[in-house]
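Please look over the structure shown here before reading on, and keep it in view while following the paragraphs below. They begin with a hairpin and then turn to a helix and the nonpolar interior.

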Amino acid sequence: MFPKQKESILKLLKSDQANKNYVNNYLFPYQDFLDPVDYFTAFVCENLEGKQNYIDLIKSLLHADNTAQIFVQVYGFEQYGSEQFVYGETLIIFSRLSLSEIKQIFNEPKDIFPSDIGELSDLNESYFIMDKEGILSPVSGPSGNGQSVYYCWWD
């Protein structure tokens, strides 16, 4: 994750927690979040090289649909002393593939299969994508190019 993303997401999550506002959904391009050398991010309790299995799954999806866009939804943050990190358990996927094709790809591995996969029919104003500069943009949904929006969640 880029430094400005780290700074921005921590401010947002701390503010949301202080205000007990748990409505906003912050999405990061998977490449930014699933960096296997970044201690600041954890995905499904995996840190560093443990994220590689999820990257491999995403690559399988991108092989089947090279127009797909995949994001990690940040769930929260933890702080231990001066160390802080953010974590996520859900991928948000914009893809031309059908739900059954998405399920087939993500249920293929026997060791990291998801708890739930489904379609998001309503991306409302609470979904935001954070760019490399830490700036949020609202997600408006698929751009009419035949894509659907899916979630893939691990518990």
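In this predicted model, the hairpin formed by β6 and β7 has 5 residues between its strands, and Gly-134 takes a positive phi near 80 degrees there. The two strands of this hairpin, β6 and β7 (residues 136-138), run antiparallel and are joined by 3 bridges, with Phe-128 standing opposite Pro-138 of β7. Strand β6 (residues 127-130) is also joined by 3 bridges to β1 (residues 25-29), but this pair runs parallel, and here Leu-27 stands opposite Ile-129 of β6.

Which residues of helix α4 (residues 99-106) are buried? They are Ile-102, Ile-105 and Phe-106, and because they fall within an arc of 90 degrees when seen down the axis of α4, they line one face of the helix. The face turned away from this buried side carries Ser-100 and Gln-104, which are exposed, whereas the buried residues of α4 pack against α3 (52-64), β4 (83-95), β5 (116-119) and β8 (148-153).

Phe-106 appears again in the largest nonpolar core, which has 36 residues and in which Ile-9, Val-86, Leu-91 and Phe-106 have the most contacts; the largest share of this core, 5 residues, comes from α3. Leaving aside residues up to four places away in sequence, Leu-91 touches a set of residues that includes Phe-43, Ile-58, Phe-71, Phe-106, Tyr-150 and Trp-154. A second core, separate from this one, has 9 residues, among them Leu-27, Ile-92, Val-139 and Val-149, and Leu-27 is the residue that stands opposite Ile-129 in β6.

Definitions and conventions. Residues are numbered from 1 along each chain as its sequence is written. This is a predicted model: local features need pLDDT of at least 70, side-chain atom pairs count only at pLDDT 80 or more; totals for chains, interfaces and linings use all residues. Side-chain values use heavy atoms; hydrogens and water are left out. Two strands pair if DSSP finds at least two bridges between them. Helices (H or I, at least four residues) and strands (E, at least two) are DSSP runs, numbered from the N terminus. Buried means under 20% relative accessible area, exposed over 50%, partly exposed in between (1.4 Å probe, protein chains only). The arc is that of the directions from the helix axis to the C-beta atoms. Contact means heavy atoms within 4.5 Å. A nonpolar core is a set of buried Ala, Val, Leu, Ile, Met, Phe, Trp, Tyr and Cys residues joined through side-chain atoms within 4.5 Å.
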